[in-house]
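Good morning, and thank you for coming. I would like to take you through one protein model today, moving from single residues to helices, domains and enclosed spaces.

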Amino acid sequence: MQENTKQYYIITMGCQLNENDSEKIQGILKNMGYEKTDKIEDSSIIIFNTCCVRENAEERLLGKLGEVKKLKEENGTIIAIGGCMMQEKHMQDKIKQSFPFVDILFGTHTLNNLEKDIKKVLEKKEKVRDILDIDGEIIENLPIDRNDKYRASVTIMNGCNNFCSYCIVPYVRGRERSREPKNIIDEIIDLAKKGYKEITLLGQNVNSYLRVEREKNIQFEKYEGIDSFAKLLRKINEIEGIERIRFISPHPKDFTDDVITAIRDCDKICKIIHLPLQSGSTDILKIMNRKYTKEQYLNLVEKMKKNIPNVVFSTDIIVGFPGETEEDFEDTLDVVKKVHFEQVFMFIYSRRKGTPADRMENQIPEEIKHKRFNRLKELVEAQIEDNNKKYIGTIQKVFVEGKSKTNDKVFTGRTETNKVVNFEGTNDMVGKVLNMKILSEHMWYLKGKVV
Ligand code: SAH
Ligand code: SF4
Ligand code: F3S
């Protein structure tokens, strides 16, 4: 490593909220005069932004920490670990015990202290533990250094109040609270001015935006009349320059009619809705604490299909939740067959310390979980192939994202329904929405031609 270089290397391990936090960490480091590097050995600071939603995240972090130990010893590189996993007491202890060389542990509620924490390490050579176990609050005005020039994520709420029985998120992200409408609108207007075209609104339960505030009479400014998710969507739809609006994740139990009509009326909202199913069995859904039945889920899908022309769906599914019988699993397959999702994120149930499902006695053997996972995967892949065929010959609006990573002549973009489209193009097309004819399908992408 060269003397006096200030470079940082960041590893982001979690969901889009976690990625959005990483962009804020990048903003803080940039303000401090650090530059981003892709070469871990050149960095003077290494940041891990962790996730703990499933067990494999832990294995990944611990493996990586073994690797960076050598860099620490040779270069004195500062090692900082933040994010959701650091909110777990047993993980804090594990890091302290097994990796005592780590300089900074920070959590999900203390990003605003990061600059101060790094300075403490630099100036006083102290180890810093900056983790708050609080319900959490909204921190505005953090600097941000975004990874993309045209697509931006905007966090609209923090935390989660749902306590699905398998999930660790409510314990590590604190209670639900929404950002003030004005701050969100101002941020998106600013993004539009900077040339951003696609906005993804983020939150663990986006369609309950401002619900807690309304129910508990927590003061907020009803800027431009916005007091609900539906009204927020309508306002964002009016912002000039923005061409596409997405949001993740809504919760089926909170999908009110005003949100459905807002999606129908707003031309910029992509007509692919991520609607996490988790399980198709009413019995399992109850034990999961999801607060909807199989029938309610299917009715909701039907209602949306009736009201929103050409709407399609993506979803999250967990297989092997404690007590899941063959019959329960068949119910999940049944919902998948009925809805015909465009995309399914499939997860094998992973026990999380401190959650009710971890304490259940009827855990499913690994072998059965894997068998079910593979059966689901087969069904999903067959459906995706089937769905893909429907695109061939159609004209799609494709948002051009950039060059393909593997071939210089090939450019890549996405349809409104989030399908990757590869095509021959030129640099000036990047950042634009172009009409393309779909020529062929290849499982994970479509081939297209500008028309
Ligand atoms: N708030 C979002 C999801 C957050 S976590 C929502 O409700 O949709 C993202 C996904 O991880 C979840 O939808 C779920 O499918 C999966 N997940 C969460 N906890 C899990 C666990 N313990 N084991 C396996 N998958 C899990
Ligand atoms: Fe987890 Fe459920 Fe909250 Fe999503 S809604 S973050 S799955 S507890
Ligand atoms: Fe996201 Fe993982 Fe945290 S899914 S909210 S980074 S536990």
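Let me begin in strand β10, which covers residues 198-202 and contains I199. Please bear in mind throughout that this is a predicted model. I199 has a relative accessible area of 0%, and it is therefore buried. If we compare I199 with E224, the two are 25 residues apart in sequence, and their C-alpha atoms are 20 Å apart in space.

A second strand residue may be set beside that one. I438 belongs to strand β18, residues 433-441. Its relative accessibility is 1%, so I438 also counts as buried. Its partner in my next distance is Y391: 47 residues separate I438 and Y391 in sequence, while the C-alpha to C-alpha distance is 6.3 Å.

For a helical example, please turn to N387, in helix α13, which runs over residues 366-391. Is N387 buried or exposed? The relative accessible area of N387 is 3%, and the cut-off for buried is under 20%, so N387 is buried. Between N387 and V421, 34 residues apart along the chain, the C-alpha separation is 14 Å.

I turn now to backbone geometry, where three places deserve attention. The peptide bond that joins I248 to S249 is cis, and its omega is near -15 degrees. S249 sits in the loop that connects β11 (244-248) with α9 (257-265).

The other two places concern phi. Q278 is not a glycine, yet its phi is positive, at about 70 degrees. This residue is located in the loop between β12 (272-274) and α10 (282-288). With a relative accessible area of 8%, Q278 is buried. N289 likewise has a positive phi, near 65 degrees, and is a residue other than glycine. N289 is placed in the loop between α10 and α11 (294-307). How accessible is N289? Its relative accessibility is 28%, and it therefore counts as partly exposed.

Next, I would like to consider one helix as a whole. Helix α12 comprises 14 residues, 326-339. At 1.5 Å a residue, α12 should span 20 Å, and its end C-alpha atoms are indeed 20 Å apart, so the two values agree. Which residues of α12 are buried? They are D328, F329, T332, L333, V335, V336 and V339. Viewed down the axis of α12, these buried residues fall within an arc of 155 degrees, and they therefore line one face of the helix. The spacing can be read against a general rule: an α-helix has 3.6 residues a turn, so residues three or four places apart point the same way.

Let us step back to the domains. The domain assignment divides the protein into domain 1 (7-130), domain 2 (148-270), domain 3 (273-389) and domain 4 (395-450). The distance between the C-alpha centres of domain 1 and domain 4 is 35 Å.

These domains help us to place the second largest pocket. Its volume is about 670 Å³. Of the 29 residues that line this pocket, K24, I139, L142, R179 and E187 are the closest to its centre. Three elements each give two or more residues to the lining: α1 (16-31), β8 (157-158) and α6 (181-193). Which domains contribute at least three residues each to the lining of this pocket? They are domain 1 and domain 2. By class, the lining of the second largest pocket consists of ten nonpolar, eight polar and eleven charged residues.

Finally, I come to enclosed space. How many cavities of 30 Å³ or more are counted? The count is one. The largest cavity has a volume of about 40 Å³. Its lining is made up of D21, N49, G83, F106, G107, T108 and L111. In terms of class, that lining has two nonpolar, four polar and one charged residues.

To close, I would ask you to keep two views in mind: the second largest pocket, whose lining draws on both domain 1 and domain 2, and helix α12, whose buried residues line one face. Thank you for your attention.

Conventions: Residues are numbered from 1 along each chain as its sequence is written. Chains are lettered from A and ligands numbered from 1 in the order in which they are written. This is a predicted model: local features need pLDDT of at least 70, side-chain atom pairs count only at pLDDT 80 or more; totals for chains, interfaces and linings use all residues. Side-chain values use heavy atoms; hydrogens and water are left out. On a 1 Å grid over the protein atoms alone, a cavity is a set of points where a 1.4 Å probe fits but cannot get out, and a pocket is an open set with protein on both sides within 12 Å along at least five of seven lines; lining residues have an atom within 4 Å of a point. Grid points are joined across faces, edges and corners, and a volume is the space filled by probe spheres set on the points. Helices (H or I, at least four residues) and strands (E, at least two) are DSSP runs, numbered from the N terminus. Ala, Val, Leu, Ile, Met, Phe, Trp, Tyr, Cys and Pro count as nonpolar, Asp, Glu, Lys and Arg as charged, and the others, Gly among them, as polar. Domain bounds come from an automatic or database domain assignment. The expected span of a helix is 1.5 Å times one less than its number of residues. Buried means under 20% relative accessible area, exposed over 50%, partly exposed in between (1.4 Å probe, protein chains only). The arc is that of the directions from the helix axis to the C-beta atoms.
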